[in-house]
Amino acid sequence: MVFTIVILVLLLAVLVFVSGLPRFAVRQITQMRLQTNESIYEYLERTGVYTRDQFERLPKRPVQVMSRDGLKLNGYVLELFPESHRWMIIVHGYTVSLHASTQYIDMFQQTGFNILLVDQRRHGGSEGSYTTYGFQEKYDVQTWVHWILENYGEGSVIGLHGQSLGGGTVLEYLSIAHPNVKFVIADCPYSDLTELMRHQISKLNKLPAKPLLPLVDKMLQRKAGFRLNQVSPIKAVENSTLPVLFIHGTEDNYVPTYMSREMYRQKPEPKEILLVEGAVHANAYGINPKKYAEEVQTFIEKALGTEEPAAAYLPSI
């Protein structure tokens with residue numbers, strides 16, 4: 001009798017693991033609770049990199065586009081240099097919004113760029129039910145690229161900057177990049193979604209990757225319409241000759257630093273890498289904004305060659 005009860009308890013535990021844990025993991029991967037704008041600016045102001053007041057004083061206008069699968073995507077246009085054809089699209093990370101991208105505005109102003117801040121699908125003011133880590137989001141970036149070309153001309157010179165989820169998204173975009181996109185900056189990106197999930201399940205959460213990872217993979221397909229192996233920025237990097245700057249904190253354990261190192265090794269020239277000492281996940285700019293900005297500006301100068309930037313304009317100061 002006791003033996004039977006023990007067997008039933010074990011079977012129940014296995015059933016809970018097989019059904020409940022993968023479902024919870026998929027929710028965390030694709031539908032984690034989003035941060036408020038207040039909490040985003042609280043973090044930015046605490047780290048001293050940007051303030052809500054700075055953003056509110058900037059000349060800007062909201063804009064919306066429709067994704068290829070029918071979602072309304074939200075953004076803000078900062079036309080800081082009306083005579084310039086330089087545009088930077090800044091793509092934020094998981095659970096935040098375009099307001100997290102405001103920390104980079106001054107850095108790109110210094111290099112003469114107009115700026116398009118975008119909300120990724122399911123984030124901020126954009127529609128969507130699931131985050132897909134670049135599987136769908138790379139096409140959203142393409143939609144924004146086309147919007148710039150349609151509204152500001154076929155001569156527009158476009159750069160991409162992405163952080164974390166945004167970093168993975170802009171690297172995935174390399175596989176379909178429009179010729180007007182001239183360079184990509186990827187801050188703390190993942191190299192491969194399967195490897196990232198294996199790391200986060202086994203290293204961070206101390207759970208067995210098998211059988212959990214295969215179960216998560218199957219549920220992702222059912223719920224969100226993609227498989228883990230369909231998101232692998234390192235594959236896009238290996239086949240791209242666009243200039244890419246990889247940035248990563250040396251103490252990042254959420255998206256481990258080796259992922260950027262590995263992609264840097266695999267990517268053909270031109271390429272650069274900046275490892276920020278002491279930075280954890282998504283705070284490389286906050287740890288050393290001066291070094292970060294210097295490396296970004298040097299990289300852009302190399303990527304764009306002798307093209308002259310617009311005159312300096314610093315409305316946020």
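These are my notebook entries on the nonpolar cores and salt bridges of a predicted model.

I kept in mind that local features need pLDDT of at least 70 and side-chain atom pairs pLDDT 80 or more, while totals for chains, interfaces and linings use all residues. Residues are numbered from 1 along each chain as its sequence is written, and side-chain values use heavy atoms, with hydrogens and water left out.

**Cores.** I looked up the largest nonpolar core (buried Ala, Val, Leu, Ile, Met, Phe, Trp, Tyr and Cys residues joined through side-chain atoms within 4.5 Å; buried is under 20% relative accessible area, exposed over 50%, partly exposed in between, with a 1.4 Å probe and protein chains only). I found 38 residues in it, with F108, I247, V296 and I300 having the most contacts inside. Helix α12 (residues 289–304; helices are DSSP runs of H or I, at least four residues, and strands of E, at least two, numbered from the N terminus) gives the largest share of this core, 6 residues. I also noted a second, separate core of 32 residues, which includes V63, I89, V141 and A186.

**Salt bridges.** My search of the whole structure gave 11 salt bridges (a side-chain nitrogen of Lys or Arg within 4 Å of a carboxyl oxygen of Asp or Glu). I saw D140 and R121 meet at 2.8 Å, N to O, and both are buried; D69 joins these two in a network of salt bridges. I then turned to E272 and K302, which meet at 3.4 Å, N to O, and link strand β8 to helix α12, 30 residues apart. K302 is exposed because its relative accessible area is 58%, whereas E272, at 30%, counts as partly exposed.
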